[in-house]
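This dialogue is meant for a reader who is meeting a structure for the first time. A learner asks how its features may be read, and a teacher replies.

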Amino acid sequence: MPKDPTIVMIEGRRCLQCEYKWVPRGEGRPALCPKCKSLRWDKPKREPK
Ligand SMILES: [Zn+2]
C-alpha cells in the first residue's frame, strides 16, 4: 500500500490561513485554528484578483 499523504495530516494540522501548525487533541476536525481562530483554517486562502 502506498502511503497516503492524508494520513500524515491526521497527526498534525496546518492552518492554510496563517500557516500555523499544531497537533489537535481528540478526534475529528478541529473547529478552528488555535492561532488565528479561523473557522476555515483547512481551506486555502484565496487571493482576490
Ligand atoms: Zn490560523
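The turns below go from the chain as a whole to single residues.

Q: What is the mean pLDDT of the chain, and which element has the lowest value?

A: The model is predicted, and its confidence should be considered at the outset. Where pLDDT is low, the predicted coordinates should not be read in detail. The chain has a mean pLDDT of 83, with 80% of its residues at 70 or more. Among the elements, helix α1 (residues 5-11) has the lowest mean, 56, whereas strand β2 (residues 21-22) has the highest, 94.

Q: How many helices and strands does the chain have, and in what order do the elements run?

A: There are one helix and two strands. Read from the N terminus, the order is α-β-β. Strand β1 covers residues 13-14.

Q: What percentage of the residues is buried?

A: Burial is judged by counting the C-beta atoms around a residue, with 20 or more within 10 Å required for a buried one. In this chain of 49 residues, 6% are buried.

Q: Where is Q17, and why does it count as partly exposed?

A: Q17 belongs to the loop between β1 and β2. It is partly exposed because 18 other C-beta atoms lie within 10 Å, while a buried residue would need 20 or more.

Q: Which residues does Q17 touch, leaving out those up to four places away in sequence?

A: Q17 touches C33, C36, S38, R40, W41 and K45. A further pair can be described by distance: Q17 and D42 are 25 residues apart along the chain, and their C-alpha atoms are separated by 7.8 Å.

Q: What share of the contacts with a separation of 6 or more joins residues 24 or more positions apart?

A: Such pairs account for 21% of those contacts.

Q: Where is R14, and what surrounds it?

A: R14 is part of strand β1. It counts as partly exposed because it has 14 C-beta neighbours inside 10 Å. Beyond residues up to four places away in sequence, R14 touches E19 and K21. From R14 to W41 the C-alpha distance is 7.6 Å, although 27 residues separate the two in sequence.

Q: What is notable about the phi of E19 and of K37?

A: Most residues other than glycine have a negative phi. E19 is not a glycine, yet its phi is positive, at about 70°. K37, also not a glycine, has a positive phi of about 60°.

Q: Where do E19 and K37 lie, and are they buried or exposed?

A: E19 lies in the loop between β1 and β2, and K37 in the segment after β2. E19 counts as exposed because it has 11 C-beta neighbours inside 10 Å. K37 is likewise exposed, with 12 other C-beta atoms within 10 Å; the cut-off for an exposed residue is 12 or fewer.

Q: How should L32 be read, and which residues is it in contact with?

A: L32 lies in the segment after β2. With 13 other C-beta atoms within 10 Å, L32 is partly exposed. Apart from neighbours within four places in sequence, its contacts are K37, S38, L39 and W41. The C-alpha atoms of L32 and D42 are 8.9 Å apart, with the two positions 10 residues apart in sequence numbering.

Q: Is P44 buried or exposed, and how far is it from C15?

A: P44 is exposed, since 8 other C-beta atoms lie within 10 Å. It is placed in the segment after β2. The C-alpha atoms of P44 and C15 are separated by 8.6 Å, and the two residues are 29 apart along the chain.

Conventions
Residues numbered from 1 in each chain as written. Predicted model: local features only at pLDDT ≥ 70, side-chain atom pairs only at ≥ 80, totals over all residues. Helix = DSSP H or I, 4+ residues; strand = E, 2+ residues; numbered from the N terminus. Contact = placed C-beta atoms within 7 Å. pLDDT = per-residue confidence, 0-100.
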